[in-house]
Amino acid sequence: MRVTECAQQAVLHARGEAGRLGHDRIGTEHLLLALLRDQECLATAILGERGVEVEALRRRVEQGAGPGKGDRPGDGPATEDALEAGEHLPMTKPVTLVFGLAAREARELEQDRVGTEHLLLGLAREGDGVAARALEDLGAGLLQLREAVISVYSAGADPEPLPADLGPPPWEPPAGARLERVLPLVSEHPLPSGDLLVLLSLEIWSDWFDLRYAIVYATAEPEGDLPRPAILGRCEVSDRAGTDYVNLSTISPAAGMVRVRQHTFVPAPPPGTEVLELRFNPPSTPLGPARPPVVSTVVL
């Protein structure tokens with residue numbers, strides 16, 4: 001089941017809320033605060049249906065969460081500095097539980113996607129966290145929220161949009177292709193996120209080449225259907241002759257603590273090419289300072 005763009009943004013901004021409050025991990029309270037940031041999402045519409053004022057709920061959540069080390073409370077949403085501070089914080093087990101509960105709520109309501117309204121229901125269904133207690137205190141427990149969701153659906157609310165299409169179908173190699181050689185890479189590159197990039201191999205074919213590498217995650221696989229945040233951006237290849245290498249296809253698993261990815265580039269390195277430079281750009285985010293790419297050279 002796919003996740004709406006609004007729901008994915010809420011998970012991203014939960015990190016910023018934790019950083020803003022100076023907390024050392026991401027809890028249910030930070031996810032609820034992130035949902036309250038977006039006045040156009042279905043979660044805030046559901047709360048409005050229940051007559052819950054967003055600012056009153058925000059104050060109640062922050063009061064229940066309490067200050068953390070390096071506390072930087074503010075009246076508005078998380079700043080760029082706060083998002084950076086929370087970027088590498090681990091998620092608590094209740095938050096990962098909420099993701100699974102949100103997907104269950106979406107299925108029970110016969111929806112084809114997980115939206116912010118389902119995250120809100122998941123927070124209430126979790127029951128023990130700061131978010132669930134704050135919702136209950138303001139008259140928005142699980143049963144009341146479910147009624148409000150059904151009411152908003154019945155009123156004809158549009159579903160939240162899904163992220164942009166993932167791109168064209170996988171590239172089909174030409175007939176008669178020949179494998180020229182396989183170069184083992186076997187190098188490790190620690191990432192700022194605490195995860196590990198492991199270069200595996202370069203497979204050079206007659207008309208293209210495949211780059212294989214693995215991401216070894218430092219934290220446990222989250223429960224539910226929400227994806228991990230991106231830790232790497234675009235992968236690029238260059239050589240000293242300035243060959244224009246085009247990434248035709250990317251294969252990447254959606255789950256697992258170790259995920260082996262493959263990029264297919266065309267053309268194959270021209271005869272006489274001695275060195276390729278592999279460049280792994282940082283993920284593109286609207287907030288936070290620019291980070292340098294991970295660069296590795298391969299001698300052919």
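**Exercise 1. Classify E105, then find its salt-bridge partner in this predicted model.** Is E105 buried or exposed, and which side chain meets E105 in a salt bridge?

*Solution.*
Step 1. Take the relative accessibility of E105, which is 1%. The cut-off for buried is under 20%. E105 therefore counts as buried.
Step 2. Look for the partner. The side chain of R125 forms a salt bridge with E105, at 2.8 Å from N to O.
Step 3. Place both residues. E105 sits in helix α6 (residues 93–108) and R125 in helix α7, 20 residues apart, so the pair links distant parts of the chain.
Step 4. Classify the partner. R125 has a relative accessible area of 25% and is partly exposed.

**Exercise 2. Extend the pair to a network.** Which residue of helix α6 besides E105 forms a salt bridge with R125, and which residues make up the network?

*Solution.*
Step 1. Check E108. Its closest N and O atoms to R125 are 3.5 Å apart, and the two form a salt bridge. The cut-off is 4 Å.
Step 2. Locate the pair. E108 belongs to helix α6 and R125 to helix α7, with their positions 17 residues apart in the numbering. This pair, too, links distant parts of the chain.
Step 3. Classify E108. Its relative accessible area is 47%, which makes E108 partly exposed.
Step 4. Join the bridges through shared partners. The network holds E105, E108, R125 and R146.

**Exercise 3. Describe the bridge of R20.** Which residue forms a salt bridge with R20, and which helices hold the two residues?

*Solution.*
Step 1. Find the partner. R20 and E62 form a salt bridge, with the closest N and O atoms 2.6 Å apart.
Step 2. Assign helices. R20 is in helix α1 (residues 5–20), and E62 is in helix α4 (residues 54–65).
Step 3. Note the separation along the chain. It is 42 residues, and the pair links distant parts of the chain.
Step 4. Classify R20. Its relative accessibility is 4%, so R20 counts as buried.
Step 5. Set the bridge in context. The count of salt bridges comes to 13.

**Exercise 4. Examine a charged residue without a salt bridge.** How far from E126 is the nearest side chain of opposite charge, and what does E126 touch?

*Solution.*
Step 1. Locate E126. It lies in helix α7 (residues 116–126).
Step 2. Test for a salt bridge. The nearest side chain of opposite charge is R133, 7.0 Å away. The cut-off is 4 Å, so E126 has no salt bridge, yet E126 is buried.
Step 3. List the contacts, leaving out residues up to four places away in sequence. E126 touches T28, P94, L97, V98, L101 and A132.

**Exercise 5. Read the three-stranded sheet.** In what order do the strands of the open sheet stand, and which strands are at the edges?

*Solution.*
Step 1. Give the order. It is β6-β9-β10, with antiparallel pairing.
Step 2. Find the edges. β6 (235–239) and β10 (294–299) each have a single partner strand, so one side of each is left without a neighbour in the sheet.
Step 3. Add the geometry. Neighbouring strands are turned by 20° against each other on average, direction ignored.
Step 4. Count bridges. Six join β9 (residues 275–280) to β10. Five join β6 and β9.
Step 5. Match residues across the strands. F280 stands opposite V294 in β10. E277 has T297 as its bridge partner in β10. E236 stands opposite R279 in β9.

**Exercise 6. Map the surroundings of L47.** Where is L47 found, and which residues does L47 touch?

*Solution.*
Step 1. Assign the element. L47 is in helix α3 (residues 42–49).
Step 2. Classify L47. With a relative accessible area of 1%, L47 is buried.
Step 3. List the contacts, again leaving out residues up to four places away in sequence. L47 touches L36, V52, L57, L120, L135, A140 and L145.
Step 4. Take one pair. The C-alpha atoms of L47 and L57 are 9.5 Å apart, and the residues are ten apart along the chain.

**Exercise 7. Summarise the chain.** How many helices and strands are there, and what share of the residues is buried?

*Solution.*
Step 1. Count elements. The chain has nine helices and ten strands.
Step 2. Give the buried share. It is 43% of the 300 residues.
Step 3. Turn to contacts between residues at least 6 apart in sequence. Of these, 67% join residues at least 24 apart.
Step 4. State the exposed area. It is about 15,100 Å², with 52% supplied by carbon and sulfur atoms.

Key:
Residues are numbered from 1 along each chain as its sequence is written. This is a predicted model: local features need pLDDT of at least 70, side-chain atom pairs count only at pLDDT 80 or more; totals for chains, interfaces and linings use all residues. Side-chain values use heavy atoms; hydrogens and water are left out. Helices (H or I, at least four residues) and strands (E, at least two) are DSSP runs, numbered from the N terminus. Buried means under 20% relative accessible area, exposed over 50%, partly exposed in between (1.4 Å probe, protein chains only). Lys and Arg count as positive and Asp and Glu as negative; His and the chain ends are not counted. Contact means heavy atoms within 4.5 Å. Two strands pair if DSSP finds at least two bridges between them. Axes are lines fitted to C-alpha atoms, for helices over the stretch in contact, and angles run from 0 to 180 degrees between N-to-C directions. Accessible areas come from the Shrake-Rupley method with a 1.4 Å probe; for residues, only the protein chains shown count as cover.
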